[in-house]
Amino acid sequence: MIPYGRQSISQEDIDAVIEALKSDFLTQGPKVPEFEGKITKYCKVVYASAFNSATSALHAACLALGVGKDDWVWTSPITFVATANCALYCGAKVDFVDINPDTLNMSIDELRAKLEVAKKQNRLPKVVIPVHMAGQSCEMDKIHELSKIYGFKIIEDASHAIGASYKDSKVGSCEFSDITVFSFHPVKIITTAEGGVAATNSKELDIRLKLYRSHGITRDKNLMMNECHGEWYYEQKVLGYNYRMTELQAALGCSQFLRVDEFVEKRNLLANRYNEKLAGLPIKVFKPLKDIYSSYHLYIIQVENYERKKIIFEELRAKGVGVNLHYIPVNQQPYFRSLEYSHVFKTPNAEKYYAGAISIPLFQDLKFEEQDLIVAKIKEAV
Ligand SMILES: *Cc1c(COP(=O)(O)O)cnc(C)c1O
């Protein structure tokens, strides 16, 4: 079975992890700050904090922005559940802004209309989390403009989008947001096995992110509430977690980072080949908007309806093509349906998308011959 996504591990990556394993530190050593430094330099952002997953980075990002009981957090229904769960961990309520069916990102028109209504009902969101679906950045300048009018904070869920750009800046620059979160799960662009990063330009937010990452504890005298008792002294200021990344993960991340541009270029090359070879078939494909360079975490096709999707999906799986689905609308999950306020969820575009969507294999080591085989199988199945 050709999988829909797969990591690319080189001998250099293996050597980097072995070296970390032989070093003095398995955790809390020099590799984590080195990895964070690679992110800040690459994305042209001031601060970065490495986490043990994007899920924990999203949770800490919500906490850092003060999300709490009865606050509203809005995100896209077409995302992984973690994007919405992070708000629920904080005791907040979550609602969903329907997608633009051509970009699969949060629709700006829907967001604007929903904000207008929420303002009248006095239930504006504290935080909005746009998701750069499949590696294509959302229209961040427009979301940022709305944030100024309606007073919400922005966390970019860029789990799919390291190496992508929006206009003249790399995703992660936080030019139009408070915090950007990346994931380094093996199916994403580069990997640390498990891992994530939260980037920000705000010193205050960076301090809070790092507190929440490590039990709410600080050893920095300037941040202490009491006078420092001595070299041994540390203080717990907030209720934090152990969300730290290990040195082994950071070492792998530093090594993988050397190839981030190469990986994204290869993904774009493969996506363009799919665009050419699938043209003329009765399926919808998605191309990035002008001014956007996608990292192409996923290549998604959409067929007319659920019945066709089911047949094509099963046939492709039977023929060794590891197709997948990204995503079931989060608000349709039984858990989200069970929330007492679930009657507010209205996302018809997301449901329509879900009915016909299929993710086909795309990863940096996918060979042209394999891709041609996949295209042939899709032609047969369609
Ligand atoms: C993968 C993913 C996450 C969660 O990332 P982890 O690192 O596995 O915790 C969150 N949001 C989106 C959009 C993702 O694709």
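The exercises below work through a predicted model, from its ligand site to selected backbone and burial features.

**Exercise 1. The ligand shell**

Task: Describe which residues come nearest to the ligand and how the shell divides by class.

Solution:
- Step 1. Start with the neighbours. The ligand has 15 residues around it. Those that come nearest are Thr55, Asp157, His160, Ser183 and Lys188.
- Step 2. Sort the shell by class. Eight residues are polar, five are nonpolar and two are charged.

**Exercise 2. Oxygen atoms of the ligand**

Task: Find what lies opposite an oxygen atom of the ligand at Ala54, at Thr55 and at Ser183.

Solution:
- Step 1. Take Thr55. One of its polar side-chain atoms is 2.5 Å from a ligand oxygen.
- Step 2. Take Ala54. Here the partner is a backbone N or O atom, at 2.9 Å from an oxygen of the ligand.
- Step 3. Take Ser183. A polar atom of its side chain lies 2.8 Å from a ligand oxygen.
- Step 4. Turn to coverage. On its own the ligand has 390 Å² of accessible area, and the protein covers 93% of it.

**Exercise 3. The pocket**

Task: Where does the space taken by the ligand rank among the pockets, and which elements give two or more residues to the shell?

Solution:
- Step 1. Rank the space. The ligand takes up the second largest pocket.
- Step 2. Look for the elements. Helices α3 (54-64) and α4 (82-89) each give two or more residues to the shell.

**Exercise 4. Helix α3**

Task: Is α3 largely enclosed or open? Then examine its two ends.

Solution:
- Step 1. Apply the cut-off for burial, under 20% relative accessible area. Ten of the eleven residues of α3 are buried.
- Step 2. Draw the conclusion. Because of that count, α3 is largely enclosed by the rest of the structure.
- Step 3. Name the residues. Among the buried ones are Ala54, Leu58, His59, Cys62 and Leu63.
- Step 4. Check the N-terminal end. Ser53 caps it, with a side-chain oxygen 3.3 Å from the backbone nitrogen of Thr55.
- Step 5. Check what follows the helix. Gly66 comes after α3 and has a positive phi, near 80°.

**Exercise 5. Unusual backbone angles**

Task: Place His215, Tyr296 and Tyr327 in the fold, and give the backbone angle of interest for each.

Solution:
- Step 1. His215 sits in the loop between α7 (203-213) and β10. Its phi is positive, near 65°, although the residue is not glycine. With 34% relative accessible area, His215 is partly exposed.
- Step 2. Tyr296 belongs to the loop between β13 and β14 (299-302). Its phi is also positive, about 45°, and again this is not a glycine. Tyr296 is buried, at 5% relative accessible area.
- Step 3. Tyr327 is in the loop between α10 (306-318) and α11 (334-337). The peptide bond leading to it from His326 is cis, with omega near 5°.

**Exercise 6. Two buried residues**

Task: Are Thr218 and Phe286 buried or exposed, and what are their surroundings?

Solution:
- Step 1. Locate Thr218. It is part of strand β10 (residues 217-218).
- Step 2. Apply the cut-off. Thr218 has 6% relative accessibility, so it counts as buried.
- Step 3. Find its contact. The Thr218 side chain reaches the backbone nitrogen of Asp220 at 3.0 Å.
- Step 4. Locate Phe286. It lies in the loop between β12 (284-285) and β13 (292-293).
- Step 5. Apply the cut-off again. Phe286 has 12% relative accessibility, so it is buried.
- Step 6. Set sequence against space. Phe286 and Ala134 are 152 residues apart in sequence, yet their C-alpha atoms are 9.8 Å apart.

How values were computed: Residues numbered from 1 in each chain as written. Predicted model: local features only at pLDDT ≥ 70, side-chain atom pairs only at ≥ 80, totals over all residues. Heavy atoms only, no water. Near = heavy atom within 4 Å. Polar contact = N/O pair within 3.5 Å; in protein donor to acceptor, adjacent residues only side chain to side chain. Areas by Shrake-Rupley, 256 points an atom, 1.4 Å probe, with all protein chains shown as cover. 1 Å grid on protein atoms, 1.4 Å probe; cavity = no way out; pocket = protein on both sides within 12 Å on 5 of 7 lines; lining within 4 Å. Sits in = over half its atoms within 2 Å of the grid points. Helix = DSSP H or I, 4+ residues; strand = E, 2+ residues; numbered from the N terminus. Nonpolar A, V, L, I, M, F, W, Y, C, P; charged D, E, K, R; others polar. Buried < 20%, exposed > 50% of the residue type's maximum accessible area, 1.4 Å probe, protein only.
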